[in-house]
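This report considers a protein model together with its bound ligand. Please refer to the sequence and structure shown here while reading.

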Amino acid sequence: MRRSLVAANWKMNGSREFITELLGAMLKRLDVAATETDILVCPPAPYYDLCAGMLEGSAVKLGAQNAHEAQSGAFTGEIAANMLTDFDVSMVILGHSERRSDGETDEQVAHKCAAVLAQGMLPIVCVGETLQEREAGQAESVVKRQLGAVLDHCGIEALAEAVIAYEPVWAIGTGETATPEQAQQMHAFIRGTVAQQSGHSAAKMRILYGGSVNAGNAAALFAQEDIDGGLVGGASLKPDEFITICESVSK
Ligand code: PGA
């Protein structure tokens with residue numbers, strides 16, 4: 001049985017005051033929901049310390065939105081995976097489409113994934129097609145290529161521990177969600193692709209859906225067989241909405 005996971009991707013939003021209020025408003029109820037479901041909050045990097053302090057003694061975990069693959073060096077503005085462990089970061093979002101569209105390649109994502117695993121953290125590898133690619137009938141081949149880069153570099157066994165987030169680019173921040181059937185179809189494809197190499201990894205690997213998940217659509221998405229939770233952007237900045245989403249998983 002896979003344990004479900006809901007991750008809040010706050011992206012580049014918030015301030016010390018906003019995040020103190022947001023997390024403060026949600027924490028008690030999230031802690032209750034976290035007995036049934038893994039819950040992760042991924043703040044912008046300057047607020048790791050603040051959030052790590054607030055999460056002390058809580059079952060809600062701290063996540064990061066990116067990591068660099070090198071351990072140290074002349075990489076101005078970057079944050080190494082090993083630095084994240086100083087803040088008790090347990091999972092790291094990698095290859096988000098907002099980073100891929102800025103030039104992050106499949107190979108970079110694969111190297112970042114290996115660096116995160118080497119530090120004992122879990123990667124959440126984002127995959128997903130653009131609208132143009134979907135309309136051209138390339139959705140599955142794009143996702144397969146993105147997944148393949150990680151598989152080739154990190155190995156099939158590593159994937160058993162990893163989390164994949166299927167995030168169709170056309171559904172991110174647009175208010176347009178994949179239907180539960182569309183999402184399930186791609187999730188089954190992802191699991192099937194991994195199963196060709198390892199039934200064990202395929203059965204263990206958690207696959208999240210992301211793209212305009214909200215309090216109204218979460219339950220139907222999470223009810224699908226191969227959807228093991230969600231990666232939530234906009235709705236994770238609204239306490240009541242995010243709590244409802246987390247509570248929908250266990251229903
Ligand atoms: P959204 O973002 O929920 O605002 O669509 C999801 C994501 O980009 O991870």
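The fold is described below, followed by the surroundings of the ligand.

**Fold**

The model is predicted. In it, 8 strands close into a barrel, following the order β1-β2-β3-β4-β5-β6-β7-β8 with parallel pairing. From one strand to the next, the twist averages 25°. Strand β1, covering residues 5-9, pairs with strand β8, covering residues 229-232, in the parallel sense over 4 bridges. Within this pairing, A7 of the chain has L231 in β8 as its bridge partner.

Helices α9 and α12 pack on the sheet. Helix α9 (residues 180-195) touches β5 (122-127), β6 (163-166) and β7 (206-210), and its direction makes about 150° with that of β7. Helix α12 (residues 239-249) touches β1, β2 (38-42) and β8; the direction of α12 makes about 160° with that of β1.

**Ligand surroundings**

The ligand has 13 residues around it, of which K11, H96, E167, G173 and S212 come nearest. By class, this shell holds 7 polar, 4 nonpolar and 2 charged residues. The table lists polar contacts made by oxygen atoms of the ligand.

| Residue | Protein atom | Distance to a ligand oxygen atom |
|---|---|---|
| N9 | side-chain N or O atom | 3.4 Å |
| S212 | polar backbone atom | 2.7 Å |
| G233 | backbone N or O atom | 2.9 Å |

Taken alone, the ligand exposes 280 Å², and the protein buries 95% of that area. S212 thus appears both among the residues that come nearest to the ligand and as a backbone contact at 2.7 Å from a ligand oxygen atom.

Conventions:
Residues are numbered from 1 along each chain as its sequence is written. This is a predicted model: local features need pLDDT of at least 70, side-chain atom pairs count only at pLDDT 80 or more; totals for chains, interfaces and linings use all residues. Side-chain values use heavy atoms; hydrogens and water are left out. A residue is near a molecule or strand if one of its heavy atoms lies within 4 Å of it. A polar contact is a pair of N or O atoms within 3.5 Å; within protein, one must be able to donate a hydrogen and the other to accept it, and residues adjacent in sequence count only if both atoms are side-chain atoms. Accessible areas come from the Shrake-Rupley method with a 1.4 Å probe; for residues, only the protein chains shown count as cover. Ala, Val, Leu, Ile, Met, Phe, Trp, Tyr, Cys and Pro count as nonpolar, Asp, Glu, Lys and Arg as charged, and the others, Gly among them, as polar. Two strands pair if DSSP finds at least two bridges between them. Helices (H or I, at least four residues) and strands (E, at least two) are DSSP runs, numbered from the N terminus. Axes are lines fitted to C-alpha atoms, for helices over the stretch in contact, and angles run from 0 to 180 degrees between N-to-C directions. Contact means heavy atoms within 4.5 Å.
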